[in-house]
Structures are given as structure tokens and as C-alpha cells.
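Me: I should like to learn how backbone angles, burial and chain contacts are read from a structure. May we work through one example together?

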Amino acid sequence: MIRSRHYTPAHEDFRATVRRFMEKECAPHRDEWQAAGRTPSDLWRKAGEAGLLCTKTSSEYGGGGGDLFHCLIILEEQTRICFNELTFYLHSDIIAPYIELYGTEDQKRQYLPKMATGEFVAAIAMTEPGAGSDLQAIRTTAKSDGNGYRLNGQKVFISNGQVGNLIVVAAKTDTGAGAKGISLFLLETDKAEGFTRGKNLKKIGCKVQDSSELFFDNVHLPPESLLGGVEGQGFPMLMRRLPEERLIMAISAVANMEEAVVETVEYTGERKAFGQRLLDFQNTRFKLAECKTKAVIGRAFLDRCIDAFIEGELDTTTAAMLKWWTTQRQNEVADECLQLHGGYGYMMEYNIARRYADSRLGRIAGGTDEIMKDIIGRTL
Amino acid sequence: MSNAYAQPSMPSSLPYTDEHAIFRTSVRRFFETEVAPKQPEWEEAHITPRSIWKRAGELGFLCPRLPEQYGGAGADFLHTIILAEEQVRSGAIAPMYALQSDVVAPYLLQYGTEEQKRHYLPAMASGDCIASIGMTEPSAGSDLQAIRTTAKKLNDGYTITGQKTFISNGINADLVVLACKTDTGAGARGVSLFLVDTDTLGFSRGRNLKKLGQHAADTAELFFDDMHVPETALLGGVEGRGFPQLMDRLVEERLMTGVMSVAMIDRALAMTIQYVKDRKAFGQRILDFQNTRFTLAEAKTEATVLHVFLERCILDFMDGKLDPATSAMLKYWSTEQQNAIVDDCVQLHGGYGYILDYPIAKMWVDGRITKIYGGANEIMKDIIGRTLGGRAR
């Protein structure tokens with residue numbers, strides 16, 4: 001149960017809309033999308049129509065004018081039907097804010113309304129084969145050619161890399177300047193000659209979400225594609241957004257813990273072995289008590305961090321603590337709950353198997369566990 | 001040794017006032033100057049002197065939440081938290097003031113007759129009467145219904161026969177709140193609590209038990225051999241109320257266990273961070289090794305998460321809304337984390353962590369009991385497990 005000073009009944013109305021959408025538009029298509037390894041583009045249009053995209057973006061730019069709770073509600077509702085990997089949050093709450101916060105007025109008007117309708121599906125391309133958490137090591141370059149830039153290089157593990165048609169690309173505009181040489185560009189893939197998508201990468205989990213390699217071979221970028229219009233701002237732009245991005249990952253982690261416990265209580269309450277329900281074995285109850293404790297404590301910490309965030313007081317360290325703790329516990333809970341499902345827990349048709357596989361990403365994406373500990377360790 | 005105290009990385013959301021801050025300062029001074037330095041002496045003796053109980057009473061640190069008419073200071077729950085935190089912070093395991101102030105006194109205040117309150121509470125607040133609670137028996141720990149000590153009704157009172165064990169303050173105690181069966185056939189409904197003066201004929205103390213840690217605190221076996229007590233010794237004057245009386249108090253007791261475990265984590269972290277900054281190996285500070293930073297980053301995160309959860313539990317408790325399952329979660333999780341973190345901190349101290357001159361070594365042995373007392377953590381999981389839903393049998 002959410003306990004925040006800022007959560008209102010209006011949020012609950014939105015939840016009802018989201019729940020209907022998830023049940024009608026997503027739940028029936030799992031097998032199909034999973035086999036395809038991606039979501040269809042008409043899903044994004046439908047989500048836009050239903051008001052599920054860019055919920056936090058100002059209504060001036062076609063968004064919902066909402067807050068973090070709209071993102072939270074979508075994440076909780078998709079988690080409920082075990083579509084943990086749907087990337088509406090990435091599009092709406094991670095990428096749209098880059099444009100809204102850092103973009104020029106023209107960029108905002110050009111992209112945000114169409115992102116809100118789902119006409120543009122956005123991706124963000126930071127990671128490279130030789131640069132993951134260590135962003136300063138990227139090698140993709142954007143060299144000025146008098147009439148804009150020429151983009152060369154490659155990216156990997158890019159979520160929405162197959163379905164996306166608007167890609168925020170991190171590239172070096174000055175290769176000798178370290179972090180100060182990084183700039184962000186808005187790349188419309190339909191217009192980009194020299195841009196190719198590589199394989200849709202096969203992942204351990206998150207099967208409905210596409211993850212891609214991207215290649216840039218002398219792609220022309222017009223001058224107005226430079227986010228914010230000033231070179232060398234990319235690194236601080238990315239850094240400033242990290243606490244909120246990690247908060248969003250924690251929302252998913254907590255929601256997954258809660259759902260895993262509910263589903264496992266249900267399963268062990270029905271399934272019998274040795275003449276009694278699994279739930280009646282002491283070990284089952286104790287393990288679930290441990291899992292529930294983690295979920296409840298995670299929720300309490302999340303609530304507090306959300307309030308701090310809304311009030312402008314969530315710092316980088318606390319966000320790192322939140323992300324590490326919740327994703328770590330999420331993995332433990334998923335593993336324990338899978339165990340209690342026995343053989344069925346190993347079958348992908350059971351939610352718990354998907355939660356187990358999907359959850360593993362949480363400790364890697366958005367800054368690995370190790371990066372989180374490094375951030376926290378610096379405050380000792 | 002460092003006496004620092006790690007500060008949580010999020011600001012406290014508890015409604016502390018300036019008056020609480022002043023109170024904290026004087027409590028801290030008392031523990032640092034009058035209690036902590038005496039620990040080695042009291043550890044040798046395996047008991048605390050009565051004088052230190054009297055001293056706490058003089059300063060208003062015993063039973064501060066009692067109404068003034070019973071000798072208290074009319075303090076609130078935050079004062080209680082301050083007392084517990086500052087005692088932990090100072091490293092003083094004993095005396096177990098909290099047992100007197102927060103476990104026994106509330107039984108009398110909430111359930112006692114007016115006469116019982118007037119008789120005992122002012123003496124407990126002044127430190128003239130040291131109290132203990134007698135629940136556990138050799139064959140009945142967490143399973144209270146299994147107790148075998150009986151209180152048989154006679155014309156003018158009760159005759160009590162049986163024995164108790166692991167009784168904190170048992171050697172020092174003037175008063176034992178004793179759980180007995182007044183009806184051996186009635187299960188939980190047959191349990192009643194008695195206020196037993198330890199100078200009663202038929203009462204005797206066994207050994208001061210040797211424990212793994214917490215050596216300055218006395219822990220005793222108690223024996224009752226046809227011990228006669230008057231009718232007025234029955235807490236509240238009505239038989240069979242003992243079990244619900246005990247149960248009602250558990251939420252607060254578990255909350256206080258959480259307060260103390262979180263304070264122990266803060267203390268362990270502070271002293272370990274200091275140690276790894278001072279100590280060098282292989283040409284660099286221990287803190288500069290990545291493993292050290294990561295281990296402490298995890299511990300600091302656990303501490304921060306726990307502070308937030310604890311504060312929520314405290315605020316809910318002050319609003320009368322803290323439920324048994326949530327307090328069980330707090331007790332289970334905080335004590336598990338406290339033991340795990342203190343163990344990590346011993347490891348980071350290397351060989352010194354094994355030497356009892358170092359406070360971290362003491363914390364390691366002293367702290368082990370928290371996973372057992374106040375309801376073993378298995379009982380906590382049982383309580384939480386009952387709230388999982390799923391149709392009950």
C-alpha cells in the first residue's frame with residue numbers, strides 16, 4: 001500500500017484506466033510479442049490514445065501533466081500482469097524528460113507531442129561494446145562538418161532499439177575533453193542515412209522488450225539535432241537524471257516483490273504435497289514471511305524516497321541505496337518464490353519464472369550494483 | 001575508542017523538539033560518564049550495583065513515561081527512544097533500565113490496581129525497587145502456554161510452586177512480575193500474572209547464569225517453593241488475564257528491540273568506518289580497498305533502510321496503529337541485520353575484532369541474543385506468516 005503525502009484519489013482513477021488497458025491490450029498478446037521479441041508499434045499508438053504515454057510531460061507539449069505516481073501506477077499495473085519489461089516508462093519518464101528539461105523550444109515542440117501520441121517511440125543510446133557504466137569511455141563520435149555533424153560508431157544493449165524511431169544518442173563532440181566532450185543528439189531514424197539496426201539481442205529475460213545493437217556510419221545530423229543546442233553538456237545532463245531513473249527502477253523492483261509474494265501465497269495455498277497444502281509447511285510460511293518482510297520494508301523505503309524526490313530532496317547516494325537494496329531483494333524474493341513453486345517455477349508459463357528472469361536485469365541496468373556501492377562508498 | 005555514532009543519511013522524520021535535544025544531551029552525559037566507564041568492573045561482578053539504579057532514578061531516567069502521580073516525569077515515547085539509543089551508543093549493556101521502565105512498569109500502569117500502582121511504581125521510578133519479569137521456564141520459552149509454574153488459590157491468597165529461568169535482573173530484583181497458571185486446564189486462559197516481592201518466604205534465586213555476552217547484566221534462575229502470596233499480589237485482581245496482558249505489550253517490546261538493534265548498527269558502523277580509516281595494510285588505508293568500501297556501503301544502506309522503516313513503525317506506534325505483524329517484521333529484520341553487520345564489522349577489524357578490548361568484539365557477543373529474546377525470530381516469522389492470506393485451514 002502506497003503511503004505518500006502526495007498520493008491522491010485522482011491517481012487511483014488513473015490506475016483504473018491503466019489496469020483496463022493492460023488487461024485488454026497487453027495481457028492477451030504475451031505469447032505473440034514474446035515470440036517476436038518486441039512490442040508492435042500499434043501498441044504505442046494505443047497507449048498514446050489512452051493517455052499512458054508521457055504522463056508527466058507538460059500538457060503544453062501534449063503530455064499528461066502528471067507526476068511520478070503516474071509512472072508508478074503504470075509500472076505497478078504492468079507488473080501485476082507480469083509484463084515487467086514494458087518500456088513505456090523508458091519512453092515517458094526517462095527519455096521525454098531529457099527533451100523537456102534540456103531541449104530547445106523547437107525540439108520540445110517537434111518531439112514531445114508526437115512522443116505523447118506514440119508516433120515517435122524513443123530509445124536512448126549510451127552503452128557501447130567497450131563502455132557500459134563507464135560512460136566517459138564511449139567512442140562514438142559526432143564531428144562537426146560545417147553543416148551539422150557526422151555520427152560514427154556503434155551502440156549495444158539499446159532498449160527500444162528495434163521499435164524506436166527517435167533515438168537520443170550520446171557521442172563525443174570533443175574526443176580530448178573526457179566527460180566534457182560528450183553531447184546528446186536527437187536522431188530520427190527514418191531520415192538517417194547510414195543508420196542501421198543490428199540484431200535484436202536474445203536476453204535471459206525481458207522477452208517482450210527488444211534490445212538492439214545500433215550502427216552509425218557517417219550519419220548526417222543537422223545542427224538542430226544537438227540536444228539543447230550546446231555541445232559538451234551530455235554528461236551532466238545524464239548525471240542529473242540518474243536519481244529519478246533509479247527511483248523508477250526501484251518502483252518496479254518493489255512491485256515485483258509484492259506480486260511475487262501474492263502469487264506464491266496463492267500457489268502454495270492450492271498445491272498439495274504429502275497430504276497438506278504447501279503453505280501449511282512451516283518452511284513455506286517462514287520463507288514467505290521473509291519475502292513479505294523484504295517487500296514491506298522496500299515499500300516503506302520507496303515511499304519515503306518518493307516523498308523526498310517530489311520535495312526535491314532525494315540525493316544521489318540515497319537513490320543508489322534504494323536501487324541497490326530493492327533490486328537485490330527483488331532477486332532474492334524471486335528466487336525464493338520460484339523455489340516454492342517447485343518444477344512449475346521453472347516453466348516460463350508461470351509468472352514467477354518470468355519475474356525471476358526479468359528481475360536479474362535490475363542489478364545491472366541503470367548503473368550496476370557495483371556502481372551503486374561505489375557511489376555509497378564515497379560517502380563513508 | 002571511538003564513541004561516534006553513524007548518522008543516517010536521511011533526516012529523521014520523528015517529531016523531536018528542542019526539549020528532547022536537551023534531554024538527549026543529559027542522558028548522553030550520564031551514560032558516558034557514569035555508566036559506560038564502569039562496565040568492565042560490572043562485567044567482572046556479573047551484576048550492576050543498586051547505586052547506579054538509584055542514580056538513574058534521581059536523574060529522572062527511570063520510568064520517565066509514568067504519570068507524575070506515580071513518580072514519573074510525564075515523558076513521551078520519544079524520551080524512551082532517546083534513553084535506549086544513548087545507552088546503546090555509550091556501549092553500556094547494563095543496567096537493563098529499559099526492562100524496568102518499558103517492560104515492567106507498563107504492566108503495572110496498564111493492568112495494576114490503584115493500590116498496586118501506588119505501592120510499586122514510585123519505588124521503581126526512584127530506583128529503590130528493581131523489577132524483573134518471570135515468564136520463561138526451562139521448558140517454556142516462546143511457547144508461553146506451556147509454563148508449569150502454578151498458583152493455587154487458598155483462602156487468603158495463592159500458593160506458588162515452580163521455577164523460572166533466564167530472568168534478566170533476576171539477582172538484583174526486588175519485584176518479579178511472575179507468569180503462573182491459575183487454571184492448569186484452561187490453556188492460555190489459565191495464565192495469570194503476580195507481583196512477587198523477592199523477600200517472600202519460599203522464594204529463592206538460583207545461579208547468576210553465565211552467558212555468551214552481556215556479562216554486566218545479571219540473569220538468574222528463580223525458584224518458588226510453596227511460596228505464599230496475598231490476593232493483592234494478583235496483577236489487576238482478576239485471574240486468567242495474563243496471556244492477553246502479555247500479548248498486548250509485545251508490539252511495544254518488539255519496537256524497542258528494533259530501536260536498540262538499529263542503534264547498535266549505527267554504533268558498529270561508526271567505529272568500523274573510523275577503524276578502516278586509521279588502519280593501513282599493503283601501503284594503503286583499509287578503507288581504500290574496494291571490498292571494504294563495498295561491504296560498508298551495503299551496511300550503510302541497510303542502516304538507512306532500517307532507519308526509515310523504524311521511523312515509520314515509531315510514528316505508527318505513537319498513533320496507535322502499529323500492528324503485531326509489522327512489529328514482528330521490524331524485530332526480525334533489524335536483529336538479523338544487526339548481527340550480520342556486526343559480523344562484517346568484526347571481519348573488517350581483522351585480529352583486533354576478536355579481542356574483547358575492542359568494542360566491536362563485545363558487540364558481536366553481546367548482540368547475539370537479540371535474535372532470540374523478545375520472541376525468537378522464528379516466532380516473528382510465524383506471526384508474519386499468519387498474515388499472508390491464502391485461505392486458512
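Me: Does Phe282(B) count as buried or exposed, and how many C-beta neighbours has it inside 10 Å?

Reply: Please bear in mind that this is a predicted model. A residue is exposed if 12 or fewer other C-beta atoms lie within 10 Å of its own. Phe282(B) has 7 such neighbours, so it counts as exposed. Phe282(B) sits in the loop joining strand S8 (280–281) to strand S9 (284–285) of chain B.

Me: What is the phi of Phe282(B)?

Reply: Most residues other than glycine have a negative phi. In Phe282(B), phi is near 50°, a positive value. Cys206(A) is also not a glycine and has a positive phi, of about 50°. Cys206(A) belongs to the loop between strand S6 (195–200) and strand S7 (211–221) of chain A.

Me: Is Cys206(A) buried or exposed?

Reply: The cut-off for a buried residue is 20 or more other C-beta atoms within 10 Å. Cys206(A) has 22, and is therefore buried.

Me: Which peptide bond is cis?

Reply: As a general rule, most peptide bonds are trans. The bond from Ala94(B) to Pro95(B) is cis, with omega near 0°. Pro95(B) is found in the loop between helix H4 (77–90) and helix H5 (97–111) of chain B.

Me: How many residues does each chain bring to the contact?

Reply: Chain A contributes 27 residues and chain B 27 residues. On the side of chain A that touches chain B, H8(A) gives the most, with 13 residues. By class, that side of chain A holds 15 nonpolar, five polar and seven charged residues.

Note on methods: Residues are numbered from 1 along each chain as its sequence is written. Chains are lettered from A and ligands numbered from 1 in the order in which they are written. This is a predicted model: local features need pLDDT of at least 70, side-chain atom pairs count only at pLDDT 80 or more; totals for chains, interfaces and linings use all residues. Two residues are in contact if their C-beta atoms, placed from the backbone, lie within 7 Å. Helices (H or I, at least four residues) and strands (E, at least two) are DSSP runs, numbered from the N terminus. Ala, Val, Leu, Ile, Met, Phe, Trp, Tyr, Cys and Pro count as nonpolar, Asp, Glu, Lys and Arg as charged, and the others, Gly among them, as polar.
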